[in-house]
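Thanks for coming, everyone. I have one structure to walk through today. Let me put it on the screen.

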Amino acid sequence: NRGRDVRPFLQVIDEVARDGHDAILKLHTKKSPHRNDGNVWAADLFRTLLVPQAVRLARLALCREHQVGLIAPAGHILPISPFIGENTAVFSGLAGETGISLAAARADAFSAGTMFYIATPAARMLAAALHDDFEAEAAQTDGTRAHGIERLVLPFLRQRGWRVLTTDAQEILASDG
């Protein structure tokens, strides 16, 4: 096992694109045994992403010309700097690997839990920018390449010109009537 939920996600993006899908819903089991609230956290992520309004928003925003690259679950966007944890080195390396501004990335936010809707072209851009050199699974709770990528996704997409919304965004739904 390498890369937990992140590596398998990155590995299937081209296949999803070949199959003609405009968007991807990234969900996973969210096993966090080191957290007392792991099951509650996972349930809230699932609920937030799967309510009908969030599904409708994703269909409208990611499948049209809104330049929306990602829709993250409302209430699960955290600032990177206070939550960098043991990820400083890997995050800095990923910023260099993908060619984004480290200072701007550190001032940005991330989607905690690594579950979201993502436009397939945005996902392909992300996957193309990353090397597949994940470390072996050893029950790490922080500091892995997967944890670094979790913090990298939003700043990477924003610095590449994509818009990032949360599931509570109303502007796209309102414009659809």
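Leaving aside its neighbours within four places in sequence, which residues is alanine 58 in contact with? The answer is Cys63, Ile71 and Tyr117. Contact here means heavy atoms within 4.5 Å.

Some ground rules before I go on. This is a predicted model, where local features need pLDDT of at least 70, side-chain atom pairs count only at pLDDT 80 or more, and totals for chains, interfaces and linings use all residues. Residues are numbered from 1 along each chain as its sequence is written, and side-chain values use heavy atoms, with hydrogens and water left out.

Back to alanine 58. It sits in helix α3, residues 52-62. Helices are DSSP runs of H or I with at least four residues, strands are runs of E with at least two, and both are numbered from the N terminus. Alanine 58 counts as buried because its relative accessibility is 4%. The cut-offs: buried is under 20% relative accessible area, exposed is over 50%, and partly exposed is in between, with a 1.4 Å probe and protein chains only. Now take glycine 143, which is 85 residues from alanine 58 along the chain. Their C-alpha atoms are separated by 31 Å.

Now the whole protein. It has eight helices and six strands. From the N terminus, the order is α-β-α-α-β-β-α-α-β-β-α-α-β-α. The C-alpha atoms fill a box of roughly 50 × 35 × 35 Å along the principal axes. The radius of gyration is 15 Å, which agrees with the value near 16 Å for a compact globule of 177 residues. That radius is taken over C-alpha atoms, and the globule rule is 2.2 Å times the number of residues to the power 0.38. Buried residues make up 46% of the 177. Take the contacts between residues at least 6 apart in sequence: 80% of them join residues at least 24 apart.

Next, helix packing. Two packed helices are described by the angle between their axes and the distance between the axes. Axes are lines fitted to C-alpha atoms, for helices over the stretch in contact, and angles run from 0 to 180 degrees between N-to-C directions. Under 35 degrees is roughly parallel, over 145 roughly antiparallel, 65 to 115 roughly perpendicular, and the rest oblique. A crossing is left-handed if the near helix is turned anticlockwise from the far one by less than a right angle, and right-handed if clockwise.

Start with helix α6, residues 120-129. Its buried residues are Thr120, Ala122, Ala123, Leu126 and Ala129. What do they pack against? The partners are α1, β1, β2, α4, β5 and α7.

Take α1 with α6. Their axes are 9 Å apart, at an angle of about 135°. The two helices are therefore oblique to each other. The crossing is left-handed. From α1, the contact uses Phe9, Leu10, Ile13, Asp14, Val16 and Ala17. From α6, it uses Thr120, Ala123, Arg124, Leu126 and Ala127. By class, that is eight nonpolar, one polar and two charged. For the classes, Ala, Val, Leu, Ile, Met, Phe, Trp, Tyr, Cys and Pro are nonpolar, Asp, Glu, Lys and Arg are charged, and the others, Gly among them, are polar.

Now α6 with α7. The axes come within 11 Å and cross at roughly 110°. That makes α6 roughly perpendicular to α7. This crossing is right-handed. Ala122, Met125, Leu126 and Ala129 of α6 meet Leu152, Val153, Phe156 and Leu157 of α7. The class count is eight nonpolar, no polar and no charged.

Third pair: α4, residues 88-98, and α7, residues 145-159. Their axes come within 9 Å and cross at roughly 50°. That makes α4 oblique to α7. The crossing is right-handed. On the α4 side we have Val90, Phe91, Leu94, Ala95, Glu97 and Thr98. On the α7 side we have Arg145, Gly148, Ile149, Arg151, Leu152 and Phe156. The split is seven nonpolar, two polar and three charged.

Two single residues to finish. Threonine 114 is in the loop between β4 and β5. It has a positive phi of about 55°, although it is not a glycine. Threonine 114 is buried, at 8% relative accessible area.

Then glutamine 11, in helix α1. Is glutamine 11 buried or partly exposed? Partly exposed, because its relative accessible area is 47%.
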